[in-house]
Every structure is written in C-alpha cells, then in structure tokens.
Amino acid sequence: MAITDDVLVIGGGIAACTAALSAAETGAQVRLLAHKKSTLRQASGLVDVLGYAGDDGPLANPYDGLDELPEGHPYRIVGEDGIRDGLRLFDEAVGDAYRGGHTDDNALVATYGGTMKPTARYPESVASGLVSASGDMLLVGFESLTDFDAPVAADHLEAAGVPFSVRGVSLPFPKTFRADAKLTRFAKALDRDESVESGTVRSALADAVADELDGETRVGFPAMLGDDHDTEVRDELADRLGVPVFEVPTGPPSLLGLKLEDMLFDALDEAGVRISSGNPAVDFEADGDRIETVLVDQKSRMTPYEADQIVLATGGLVGKGLDSDRAHVTEPVFGCHVPHPEDRYDWSEPEAFGDHEFARFGVVPDDELRPTDADGESHFENLRAAGGVVGGAHVAREKSASGVSLATGAVAGRLAGEDATQ
Amino acid sequence: MSDAETPPDTTPTPGEQGEDDFEPVEVFPESTEMDLRPGADNCYKCTSCDVSCPVAEVDDEFPGPKFQGPEQWRLKRKEDASVDDSIMSCSNCMRCDDACPSGVPLSQMHNTARGEYVDEEMDKLSREYIRNRILANYGTLAELGSMFPRLTNAIMGNSLVQQINEKVLGITAEREFPDFATQTFREWWNERGGPQVRSEDKRVAYFHGCYSNYNTPEVGKAMVRVFEEFGYEVVVPKQRCSGTPMFANGMLDDAKRAAGINAENFAGLIPEGYDIIASCTSCSMSLRQEYPELFDIDGLEDISEHTYEAMEYLRIHEDLDSALADTSVSEQSFAYHAPCHARNQGLDRQAVELFRDLDGVTIEDVGDSCSGISGTYGWKEEKYDKSMQIGADMFDHMEHADGNVGMTECPTCSMQMEHGTGYDIKHPLQLLEEALV
C-alpha cells in the first residue's frame, strides 16, 4: 500500500501551489508534497511576468515581449493563454490582497535597493508607492534595520530619472529592541501598538515622520508595517500623516512573502488539496515509462506516495530542484536530463550580473511540459514539470520568475488533472 | 550551493566522473567528534529560523536559533568562549529545522550545545540543575508515583505541595500535575496476557513511552486494539524514556543511557520482521531523528529506519481511507492541534485529512502555532508565563473552533490544551478505536 491520490505535486513554492490549484479545478484529488517551509518567505511577494526580453525593456506590456524570447523559453511553450490562466488562478487565490489585475500593463515597483521592478501583481500595501504613479516620495528607513537604507534607495531612484522627487531619511524606531532584533519584532510592536514614553509606537512613529515631511505626497517604509493588523497600522499612519503610506518589499524574512505563502496555502485548503510537508521526495519506482510511486525520505526511511500523474515543481538551483557538482548538473528526484556545457567554466560569465548560462539550466519540456531526455523523448508519460526546475528562461534578467511559475504551474497542473480524471 | 545533508560526492564514479581528476584537499584533520562545521557553513543568515521560533516570538531576550546554532558554533572556535546560557531557553520544538532552506541541522546543533553547557557551565548543585534533572527524568518519577497512584495523585494535587514545588524546586504551581492511572498500560498488558493476535508477517513492537504507560493507558490500549483489529501481532518490549525531555534539558548522558537500553530491546526485533510504532510524536521523533544524530550506538540506525507513528504506519500499510469510509461514530466535534514534533515528520495534517470524511465527526485544525508547553519547558516556574503567551493563539483558535473536545498526539501539548481551555483532549488513536474496533 501507499498513500494514494490522483495527482501528486512535488514542491512548495508558487509553481507547486498553482499546479495543485489548477489540477484541483479538473476534479482530481491532489496532494502537495513539500519538503520544508515554503521558499515564498524568502521572496519579495511581488509577482512579475516579463519585464525585459531580448534588448527590450523595461516592457510596458509583458505580452509584447513574448516574441522576443528564445525558442525553448517556457513562455513559448505555454503561450499567452498559459500566462493568463496562471494569473487567473493567482487572482482567485489572493483576492483583494493584490493589485494589478485591472490592466495587462506592468507597474514599476521600487525595490529596497532603489531599483524599479516591472511587476504584474503587487500587494495592496505597495500600491500607493508605484514608481509608475506620480507624487513626490519620502522613504523612511530605521537605523536598526540595516537592510533598507532609505537615503541610498532614494538616491538610486532619483538617479534613475523618476519623474518626481524622492528623499530618504533614517530614523530611530520609537521603541528600542536588542541589536539583532528581527523585522518581525518591529512589525509586532506596530501590530499591538505597544506603548513608549511619548505615547504608543504608531503615534510616536507618525510624529517623527511628520517632522521630516516636506511637501511629499506619499511615504514609504520597509515592509514591516504590521503583520496581523497591517491594514489598520497603515491606515492609522496615513491618517496621522495626511498622505498615503506604502511598503517597500524586503528580502528575507519577507513579511510580504510570508503573507503570500499563507494566502496560497489557504487557497489549497479551500480547494481540497491535501498537503504533506516536512520531508523531501528523493526517489521513485517506475514501470517502463510510467512513474508508479514517489518515495519520500521521512527521516531516513522511505514513505511511498502513489498517484496517476505527477508534477515536478521543486525549484531551480536555489530551491534545490536542481543539483550540481564540479562536472554535472542534475535533477535529483527523477534524474531528468539537464543540458549544460561540458566545460564548467562556460557555465558562468565573469561579470556578476552577466548573461550566465547557469541561470537557464533546467529540464527541457515537450509541448505538454513533460521533461525530455537528450533525444527529445519524454522521460515518463505521467511526469510534468513547472516553475524553476524548467530550463530555458533567465528569470532574474527577464523579471519573469513568478510568471514562469504561474504559467507552467497552471498548464502542467491542468494537463495532469485532465489525464488523471479521464 | 551547499547542503549539509547531502555533501557533494567527491569520489569519482567510473564512467561518470572518472575523467575528472579533481581531488579534494583535506583542510581540517579528521576528527572523531561530531563535525557540525557544514551546518555552520551552510547558514546564509536569512533568519527564516528566527522568524519560525515560538520562543523568540515572546521572549525579546532570546537570541533565536540562528545564534544558538551556527553563530554560537563559530564563536566557540575561540578558545576562551563558552556556550551562552540563553541555550537553556530553547524549548527544542525543532521548528527551525523545518524552516531552514539550506539544510542547517539546527536542532542537532542546539542539542549538542545545550549538552555542553549543562556539562561544563551548570552548577550540579544548583536548584535549576536539580529541577531540570527531575523533569528530564519524568519516567523514573512516574514509575515511583505509579506504585501508589491514588496517594501520589492526592499529594501532587495538594496546593501546599504545589507551592513547595514552586518555591523549592522551581516547578510552577500554576499547573495541575497529571494524574497517574490506577493501572498502568504495562500492568493492563500483562493482565490480558500479552498479544491476542499472532502473525508471521504483520508484526509491530510498541514504543508506548512514559506518558501512555503511567498517565493515559487508554491511548496505549487503543493502539493495541486498533493494530490487532488489522491483524497485527503487537509486542511490548521493555523500554526507557525516548530521551525527549532529556535532550531538552541538556541531560545527554541520561538520554544516552536510555537510548542504549531501548536499542538493546528493540533493535533485535527488526530482523524478525517487527516495525517500531510510537503513539507519541515526540517519541517517534527522538527514535527517528535525534538518536542517530546524537549517539553512536549499535542498532540506533536500524531503529531510526523502522520507526513509525501509529497512524502513519496504518496509512502506509493499510487502506485506512476505505476502512473509515464504511464506518461511523457518535456525533462529535474536535479542535485538532498538530504538535511541533509532528510537523518535521510530515504528520501534522494526517488526523484532519483522515477524520474530516468520517461519518459523525467534524474536525478543525486550530492553526500552526506552537502550544507553548514544549514538554518540560512550560513546567518551569520562570518559563510558565512565556509558555502561556506562546499558547495564546492556540487557546484562542480552540475557543473559536466548533469542537469542544481537543485532539492531539502529544501528551504535553494535550496538558497545555486542557490547561488553557478546560477541554477534554483525545488522541487520534482513541477515535480510530471507536470507529474501527
């Protein structure tokens, strides 16, 4: 016996969640098999589709760049319909918590490094800070949260030629914590509106920022304005300051990423998707070209999971869906073919942000997203791939990571669900 | 990228890497001690572990798992540095293990650091050491108490005794000491004459642990009856504490002694076709993960590879879905809490998944927060308030859930659930028994 479902999705990120939601729509019984806590908590919480393609960019409309992408790019396989289907699933899962669905156009969101990221969907709390909207901007950082240097971020934006003025200030947070206190501690102080000498954290913060305001019509903070009561915190600050308040997405621990993770997992629960997490899928048993069982390493002992159809959404090199040593790049669960230059010095470019070959490493999908071998034949008839494990896209340069995950997840999940319920 | 769990294979395999002449340089001399360096090196300081830590959430002075693990390990390379006393505030919930995206063995680093702190820094005559030693060896205490259960219950329930416990020993007076059963599970087992089912190919050895032996024998009985219903031969070997409370208090010598006895009594059964079943998720966690991580004793690897939580075993080896589809129980409604230790074993959702379709039952997960008691942590006078703060979310969710009976696999989580809400608490095996036996 094994634990049995119709569709098994391996992974815990945005591609896996989308694939599971998409498969569940077909009526299949779906299980998500995630190794650890989702890597969404490491992510900014922004959802990009395509910001740069070929020599073009930043793109005003991501769909305009699709023809510029190389053959074999995942978008060339799933097409515009696949992207739209991924975004539809995303919009249904997150509801009002995200913006951007009113248009095909990209929004430009200020990052905490002060660059501009073309983005298709963004958290509601980010909305009034769009660089693609007008209004002079004050960025506020905190001396004890060193990841976000507001004056530097402001200078970067100014230098990029934004059509409004940006100024950054660093202030002490109204309440003092131990020197290595985490972002979440600050968020909690605002959530609970903890008391400080001059009143409460929220009012003291608003007073300090009001002293700095010099005609700016919007104020940005690193994304730490509350967790459980974020809307309340933001509204109160905006009310006290008399101008809209927004958040600048941060690196880990990313509250916006954590909130997105919660929303997607709630949507999975609602869709009746079963979830097993805490242990990695490491091996499988097959009968010819059909995978019969996926083996999960449950603390050095294998637990078998059975399904009619399987979606591999374990991520790329960072997410550990791909592995490498000095000579080889491999896909460790099913041993799918991952093409790469023989000489490892050809894997990367000398420049840190160069057009690295390794960024495009991944499995090679056929037109139904089945990973193929070196001869272009699918490895297994019931295995599909989605997200970072799929090769052919340079998601960091293109600003397409979330979109590739959404689109391939939506298509792989739907096809798997349809095959399983036929 | 790097990964402590699967270091890159540097041995060339013929035909695969044979042409690559790479030979790794030995930088550090081979050591016979546990090498935690890869754990420290793999940490890239993303702080995911700190965000997942329930103690750091309520205790501003606690530096969090990243410090307790990789950073402390590095600091200790200096000769005059000793383990910081904040290690004693870690409750060993092991949530950081699950949060780390880079394979850092955080709980293993914490357990070894805590063991070292207790060995080298802690005054063996201090109240804290004596109190912790008593709490860590709950099994021994319970064995004595169970000799005269009614008398012990009366004494431990006496408020004056509770005050003395708090003042003299530092064991909180806020909690009701759990009642000892008038008949232990093992006494019941012997009275019924041991196994009622014999089988050559379906065999399990039950690790009941301390709590279902001395305090909740109904859980142990449910385990036996359910497995016998499925045709399993159940045996109940002699056993000591799994070690969980000892790891959490840095009493690694006590834990090692108990592990040795358990290895002696269980490892030999495995070649005879027995798998090991635990009903407590901390016991199964200890046998599966902490034993092989912390001790080098013959048989522990085998035990780790053959240990299952009870319901997990049935899900894998029996068609539990179909068995439950054909049955029903009296109307009841549960508020289920998944113990932290169930999470890392991938067991946190199985009770709700199984029971939500069972006729007569409604069951609701009360969220992914920690219950806050973490075994002995919440029994310590100085930790009691923090323990209740950590549990606040769970209490709140329990009160808002439809169910007015709690459900969990972990004995101390169940104490905390009862303490915070006054609900009765059941083990999933008890519902399984009602449905199937």
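**View 1. Strands β1 and β3 of chain B run side by side in this predicted model.** Here β1 covers residues 203-207 and β3 covers residues 274-278, and the two pair in the parallel sense over 5 bridges. Want a spot to start looking? Find B:R203, which stands opposite B:Y274 in β3(B). In general, strands of a sheet pair through backbone hydrogen bonds, either parallel or antiparallel.

**View 2. Zoom out a little and β1 and β3 turn up in an open sheet of 4 strands in chain B.** Reading across, the order is β2-β1-β3-β4, with parallel pairing. At the edges stand β2 (233-235) and β4 (307-309) of chain B; each has a single partner strand, so one side of each is left without a neighbour in the sheet. On average, neighbouring strands of this sheet are turned by 35° against each other, direction ignored.

**View 3. Two helices of chain B meet the sheet.** Helix α16 (residues 281-294) lies across β1, β3 and β4 of chain B, and runs at about 160° to β4(B). Then there's helix α18 (residues 310-317), packing on the sheet and touching β3 and β4 of chain B. The direction of α18 makes about 100° with that of β4(B).

**View 4. Over in chain A, domain 1 touches domain 2.** Domain 1 of chain A comes in two pieces, 3-98 + 257-421, while domain 2 of chain A is 112-248. Their C-alpha centres lie 34 Å apart. Who takes part in the contact? Domain 1 of chain A gives 16 residues and domain 2 of chain A gives 8. On the domain 1 side, you'll find 10 nonpolar, 3 polar and 3 charged residues.

Note on methods:
Residues are numbered from 1 along each chain as its sequence is written. Chains are lettered from A and ligands numbered from 1 in the order in which they are written. This is a predicted model: local features need pLDDT of at least 70, side-chain atom pairs count only at pLDDT 80 or more; totals for chains, interfaces and linings use all residues. Two strands pair if DSSP finds at least two bridges between them. Axes are lines fitted to C-alpha atoms, for helices over the stretch in contact, and angles run from 0 to 180 degrees between N-to-C directions. Two residues are in contact if their C-beta atoms, placed from the backbone, lie within 7 Å. Domain bounds come from an automatic or database domain assignment. Ala, Val, Leu, Ile, Met, Phe, Trp, Tyr, Cys and Pro count as nonpolar, Asp, Glu, Lys and Arg as charged, and the others, Gly among them, as polar.
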